[in-house]
Amino acid sequence: MNRNSIRTEKLHGRKKSRTSSQKNQQIYKEIFPKYKLDINSIDFNQYNDIELEVGFGYGEHLIWQALNHPNKLFLGAEPFRSGVINTIREIERHKLNNIRIHDDNVIDIIENLPNEILSSIFILFPDPWPKKRHHKRRFISQNNLKKIHHVLKNRGRLVLATDHKDYLHSILLNVNINDQFEWLCENTDHFYSKPYEFPKTKYERKAIKNGRRPVYLTFEKINL
Ligand SMILES: C[S@@+](CC[C@H](N)C(=O)[O-])C[C@H]1O[C@@H](n2cnc3c(N)ncnc32)[C@H](O)[C@@H]1O
């Protein structure tokens, strides 16, 4: 990362995979540095649109976005090593040059970006932390919504997906309390349809296979 980053929040969940083949270790050591995010080296004026994906998992959505929007710059954060390696493989396969990756907590990025710089933030299937004692680990909190609000441009979008009812309620409640985002939802069908037809992510496939119906939410930042 860089920009004198100081960690202010603890990261919960897995980071390294239990086993990593030699090939994967080589990709991580030798190829990953090419795509590693260094905020200081980005010329922000070069891009009309910079977008960020939080917890991109195996990278399905990030790669799809980068392929479909070659003129935009995509930042992605994912601490899970196997996900990062899979995404690096796909970046190389498609010869993409518009993705930068931070293999750790996305808060490191959000706290070090200039204000009002991002056109969109995507958070697909954030960890639901179902146990009550873990609810404080949920990514969508008052604190993080304030940080997200700072880095989004006016009318910038926060795109979310979840298959977890209790987390859904908590997200809607938090966004409502924050009061600086407009929920773009016209009817109940809208609630269940994707904002655009991106390929299913690993977690999305798992949810559908297990009979859970994902909900897709888009919020637009409003400057009060
Ligand atoms: C349930 S998975 C969903 C992954 C992917 N978006 C999908 O739909 O398949 C949530 C992901 O968020 C990542 N994550 C959790 N907290 C994070 C944070 N603070 N910064 C970046 N990634 C985070 C986890 O490592 C995990 O891979």
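Here are two worked exercises on helices α5 and α6.

This is a predicted model, in which local features need pLDDT of at least 70, side-chain atom pairs count only at pLDDT 80 or more, and totals for chains, interfaces and linings use all residues. Residues are numbered from 1 along each chain as its sequence is written.

**Exercise 1. Find the buried side of α5 and what covers it.**

Step 1. Helix α5 runs over residues 142-151 (helices are DSSP runs of H or I, at least four residues; strands are runs of E, at least two; both are numbered from the N terminus).

Step 2. Leu 145, Ile 148 and Val 151 are buried (20 or more other C-beta atoms within 10 Å of a residue's own; exposed means 12 or fewer, with C-beta atoms placed from the backbone).

Step 3. These three lie on the same side of α5, because they cover an arc of only 125 degrees around the axis (taken from the directions from the helix axis to the C-beta atoms).

Step 4. Turn to the face pointing away: Gln 142, Asn 143 and Lys 146 are exposed there.

Step 5. The cover over the buried residues includes α4 (107-110), β4 (118-124), β5 (152-162) and α6 (165-178).

**Exercise 2. Sort the residues of α6 into buried and exposed.**

Step 1. Tyr 167, Ile 171 and Val 175 are buried. Their arc around the axis is only 65 degrees, which puts them on the same side of α6.

Step 2. A rule helps here: an α-helix has 3.6 residues a turn, so residues three or four places apart point the same way.

Step 3. The other side of α6 has Lys 165, His 169, Leu 173, Asn 176 and Ile 177 exposed.

Step 4. Just past the helix, Asp 179 has a positive phi, near 70 degrees.

Key:
Two residues are in contact if their C-beta atoms, placed from the backbone, lie within 7 Å.
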